[in-house]
Amino acid sequence: FFATRCEVFVRLRDAVGSGTPSLSVEVDQKRSTYVRLAGSPDQPRTRKEWRLTSGFGPLATQEQVFDKVGSSVSDWIWEGFNACVLCLGPSGSGKSHTMFGSLAQGGSGEMEGLVPRMLRDIFRRVGREDRYVVGLSFGETKGMVVADRFAPNARPTGEGVELETVRVDRLEEGLALLLEAARGSPSWDVAQGRVSAATPVQSAMHTIVRVIVFDTLEERAFTLHLVDMAS
């Protein structure tokens with residue numbers, strides 16, 4: 001049995017110093033979600049519109065994003081399916097903030113991103129049951145080069161590389177591993193918990209976090225990929 005589901009969400013961020021919001025998320029009477037860009041002052045009726053699964057306005061919180069995106073993905077994988085959350089957009093649009101948030105500050109609090117929130121949710125569902133084993137991987141890629149951040153002494157290699165999977169028994173252990181991996185990456189400014197402004201966009205790498213949960217009782221596993229795409 002094969003099942004495929006693809007959903008598209010958008011998170012809007014107004015330009016810094018733009019004054020009043022120029023972006024909006026609206027739901028019409030047929031319960032379809034649209035993203036609308038307001039027209040310019042001299043052309044107020046000019047606008048662009050996209051239809052999608054759902055969206056978040058500039059004032060949306062990290063918790064709201066998780067409740068609508070992360071929680072449904074967790075439900076999906078807990079039914080035995082694999083899943084992937086792929087975050088992409090232009091530089092400075094808030095991709096790493098959405099995915100990782102306050103990772104450098106311990107990955108907790110209201111600024112916590114999707115990755116630590118979903119890891120937290122997985123361990124909540126696992127509970128104290130010995131039947132589940134959780135594995136974590138952290139890699140980065142640019143072009144055909146792959147860097148395994150859980151194997152810092154390994155040289156970046158070409159395609160076909162399998163990322164090392166580290167067994168994680170506690171949530172705190174997983175968050176600490178993610179933070180340590182970020183410290184070993186040239187793409188991250190750990191002090192701010194985001195992609196470093198000092199790193200040229202051309203050298204930024206796509207970040208891939210993989211979570212594998214193995215059910216020892218039913219002898220099956222599901223895999224979750226969380227991907228922060230570089231601009």
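**Notebook: strand 13 and aromatic pairs**

I began with the hairpin that strand 12 and strand 13 form, which has four residues between the strands. In its turn, I noted that Glu-219 has a positive phi of about 55°. I record here that the model is predicted.

I then looked up the pairing within this hairpin. Strand 12 (residues 206–215) and strand 13 run antiparallel and are joined by nine bridges. For Phe-214, I found Ala-221 as the bridge partner in strand 13.

Next I followed strand 13 (residues 220–228) to strand 6 (residues 83–87), with which it pairs in the parallel sense over five bridges. Here I located Asp-228 of strand 13 opposite Cys-87.

I turned to the aromatic rings, where a search of the whole structure gives six aromatic pairs. For Trp-78 and Tyr-132, I read a centre separation of 5.5 Å and an angle of 45° between the planes, so I entered the pair as tilted. Trp-78 belongs to helix 1 (residues 62–78) and Tyr-132 to strand 7 (residues 132–142), so this pair ties together parts 54 residues apart in sequence. I checked accessibility: Trp-78 is partly exposed at a relative accessible area of 22%, whereas Tyr-132 is buried at 16%.

A further tilted pair that I looked up is Phe-100 with Phe-138, at 6.5 Å centre to centre and 45° between the planes. I placed Phe-100 in the loop between helix 2 (95–99) and helix 3 (114–126), and Phe-138 in strand 7, 38 residues apart. Both Phe-100 and Phe-138 are buried.

Finally, I noted one aromatic cluster formed by Trp-78, Tyr-132 and Phe-222.

Terms used
Residues are numbered from 1 along each chain as its sequence is written. This is a predicted model: local features need pLDDT of at least 70, side-chain atom pairs count only at pLDDT 80 or more; totals for chains, interfaces and linings use all residues. Side-chain values use heavy atoms; hydrogens and water are left out. Two strands pair if DSSP finds at least two bridges between them. Helices (H or I, at least four residues) and strands (E, at least two) are DSSP runs, numbered from the N terminus. Rings of Phe, Tyr and Trp (its six-membered ring) pair if their centres lie within 6.5 Å; planes under 30 degrees apart count as stacked, over 60 as edge-to-face and the rest as tilted. Buried means under 20% relative accessible area, exposed over 50%, partly exposed in between (1.4 Å probe, protein chains only).
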